[in-house]
Amino acid sequence: MATDAPVKTLQDAIRFFTDPDVCLNAAIQIRWQGGPVACPTCGSIDVHFIASRRIWRCSEQHPRRQFSVKVGTIMEDSPIGLDKWMVAIWLLANARNGISSYELARSIGVTQKTGWFLLHRIRLAMQSGTFAKLSGHVEVDETYIGGKARNMHKGKRARVIHGTGGMGKVAVQGLLARHGKDGHSIVRASVVPNVRKTALQANVRQHVRRGAHVYTDELLSYDGLQSDYVHQVINHAECYVDGQVHTNGMENFWSLLKRAIKGTYVSIEPFHLFRYLDEECFRFNNRKMTDAERFAHAAAAIVGKRLTYKSLTGNDVSQSHQN
Ligand SMILES: [Zn+2]
């Protein structure tokens, strides 16, 4: 969907995508980014549209000659209609505090389990594909997100619980590059095995360009960053914020994340936590966009990604499908 399409609200989106031809055309735009329809197997544009089935047939000789608009995207193999997919992407991209699988299931008329799988695949699309390092002034902070270890089988608990924050708590490290004169700040958040020096500093070095200004709290794990960065430590004993030396931006992000988890997702399997981090970072990093722009941005990222149910659940049938 072009961002100038007359779609501004969720109601507009639902109405817009209800027409199967309009919906297919929007999906074609997204899938082939405005270019010609090309065979996902061989790349040929010598393809024939079978209107009655809304699929194409490639003229080249090879297996899998027939394909739909879903092939080669997070929607591949999904029996759920395009209209429901589009509305689901709209909802997750724009819901301020996220959307639970129960809520999505009610909104688009699928089962909760289907809604859960849909949301996780959309979160995959929201995962930042960039390897560009953060630079300038970067706030570094860590927090714990609670799991629900009490109800977990012992074997599984051993697999999913890491970190030193107590039972079922998972350590998360966040990095926030403060905005320059024009733009807005960019955040990245990732699950770390623990808050010891090796883990925390490796993550900083992976994501932050050498020479950047880095602000952390006085955790000893950050001791040593000064060899690669202009490292300044917040002194919490001082009762004022020393100009630039703070992590207020990162703390703001944590409160948004925790509000979504507490209000919408209630509790999250540690195994899946990184997907919720991707979702929250996506909304935060694109917060200046309109809803239609944010939808288009998320939708454009569905191409070339796949997530099977098996890999999502780690082939563990006892895995919870809540949230
Ligand atoms: Zn082909």
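This is a short tour of the structure, moving from the whole chain to a zinc site and a small sheet.

**The whole protein.** Keep in mind that you're looking at a predicted model. Show everything as a cartoon and you'll find 11 helices and 8 strands. Switch on the surface: it comes to about 16000 Å², and carbon and sulfur atoms own 53% of that. Of the 323 residues, 50% are buried. Among contacts with a separation of 6 or more, 64% join residues 24 or more positions apart.

**The zinc ion.** Next, select the zinc ion and show Cys39, Cys42, Cys58 and His62 as sticks. The three cysteines reach the metal through SG and His62 does so through NE2, at 2.0 to 2.3 Å. Along the chain, these donors are spaced C-x2-C-x15-C-x3-H. What geometry does the site have? The site is tetrahedral, with angles of 107 to 112° among the 4 donor atoms. For reference, the ideal angle for four tetrahedral donors is 109.5 degrees.

Now colour two of those residues by accessibility. Cys58 sits at 1% relative accessibility, so Cys58 counts as buried. His62 has 18%, and since buried means under 20%, His62 counts as buried too.

**The three-strand sheet.** Select residues 47-50, 55-58 and 66-67. Here's an open sheet in the order E1-E2-E3, with antiparallel pairing. E1 (47-50) and E3 (66-67) are the edge strands; each has a single partner, so one side of each has no neighbour in the sheet. E2 (55-58) pairs with E3 over 2 bridges.

Last stop: show the side chains of Trp56 and Phe67. Trp56 stands opposite Phe67, which belongs to E3.

How values were computed:
Residues are numbered from 1 along each chain as its sequence is written. This is a predicted model: local features need pLDDT of at least 70, side-chain atom pairs count only at pLDDT 80 or more; totals for chains, interfaces and linings use all residues. Side-chain values use heavy atoms; hydrogens and water are left out. Helices (H or I, at least four residues) and strands (E, at least two) are DSSP runs, numbered from the N terminus. Buried means under 20% relative accessible area, exposed over 50%, partly exposed in between (1.4 Å probe, protein chains only). Contact means heavy atoms within 4.5 Å. Accessible areas come from the Shrake-Rupley method with a 1.4 Å probe; for residues, only the protein chains shown count as cover. Donors are N, O and S atoms within 2.8 Å of the metal (3.2 Å for Na, K and Ca); water is not among the atoms, so sites may look incomplete. Four donors count as tetrahedral if all angles lie between 85 and 135 degrees; four count as square planar and six as octahedral if opposite donors are over 155 degrees apart and all others between 65 and 115; anything else is irregular. Two strands pair if DSSP finds at least two bridges between them.
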